[in-house]
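Welcome! Please look over the chain shown here, and then try the exercises at your own pace.

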Amino acid sequence: MKPVDNDIVLKQLQWRYAVKKFDPTRKISPEDWRTLEQALVLTPSSFGLQPWRFVVVTDQRVKDQLVAASWNQRQVADASHVVVFAIRRNLSADDIDRYLSRVAAVRGVGLDALDGFRKMMVGSLTTPRAGFDVNDWSARQVYIALGHFMFSAAMLGIDTCPMEGIEPAQYDEILRLPKDGYAAQVVATAGYRAADDKYALLPKVRFSASDVIQRIA
């Protein structure tokens, strides 16, 4: 038996949309939020390196500050939780070694057994081929986390809105991210849609499967 029926997955994906207006009186329960935080932790990444930090903002004063840095979009003030997806800037061999120490501890292996893996990552990320930008690579990783978070929220019946309409430098300043070597990339607001958000009832507009899926069998 499958853990989740096919129709439930599709029903929740049809239900979700990018919320334009949140109900500020409704808050995500601690239990549900713990699940969503673990969904963030469990996000896959290239090499498993996890070049990110997820900054969760629930302090209303800080959320209100972020409105001006979000092109005056009210979602960041009215949502229950704001998640700022930040990259680890300028990944180095030290970051790789920190990750490998975690691998060794969790899997009970010696660091020497991971030496080949280390050399591959160091070569790929710190002395890369021409045209490779490690910060661009890290930014693409956080978008995997964004999608993972939004899907998990939809399965719990929690609304989200992904937001690229932000001023990253202002987010960095407000949240003091550079002091730890991080930089904001994208935001997801999470909570519950307002009853009068007109966008909740609009039909989804998607190209047909035949337009966007190519099958090679």
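Accessible areas come from the Shrake-Rupley method with a 1.4 Å probe. Keep in mind that this is a predicted model.

**Exercise 1.** Find how much surface the chain exposes, and what share of it carbon and sulfur atoms supply.

*Solution.* Start with the total: about 12900 Å² is exposed. Then take the share: carbon and sulfur atoms supply 54% of that area. For the extent of the chain, its C-alpha trace spans about 60 × 50 × 35 Å along the principal axes. Turning to burial, 41% of the 217 residues count as buried.

**Exercise 2.** Work out how many helices and strands the chain has, and in which order the elements run.

*Solution.* Count by type to get nine helices and four strands. Next, read from the N terminus: the order is α-α-β-α-α-β-α-α-α-β-α-β-α.

**Exercise 3.** Describe how strand β4 is covered and how β2 and β3 pair with this strand.

*Solution.* Begin with β4 itself, residues 182-191: nine of its ten residues are buried, under 20% relative accessible area. Now take β2, residues 81-88, which pairs with β4 in the antiparallel sense over eight bridges. Here Ile 87 stands opposite Ala 183 of β4. Finally, β3, residues 159-163, also runs antiparallel to β4, and five bridges join the two. In that pairing, Cys 161 has Thr 189 of β4 as its bridge partner.

**Exercise 4.** Find how far apart the mean positions of the positive and negative charges are.

*Solution.* First count the charges: 28 are positive and 25 negative. Then compare their mean positions, which lie 2 Å apart.

Definitions and conventions
Residues numbered from 1 in each chain as written. Predicted model: local features only at pLDDT ≥ 70, side-chain atom pairs only at ≥ 80, totals over all residues. Heavy atoms only, no water. Buried < 20%, exposed > 50% of the residue type's maximum accessible area, 1.4 Å probe, protein only. Lys, Arg positive; Asp, Glu negative; His and termini not counted. Charge placed at Lys NZ, Arg CZ, Asp CG, Glu CD. Pairing = 2+ DSSP bridges.
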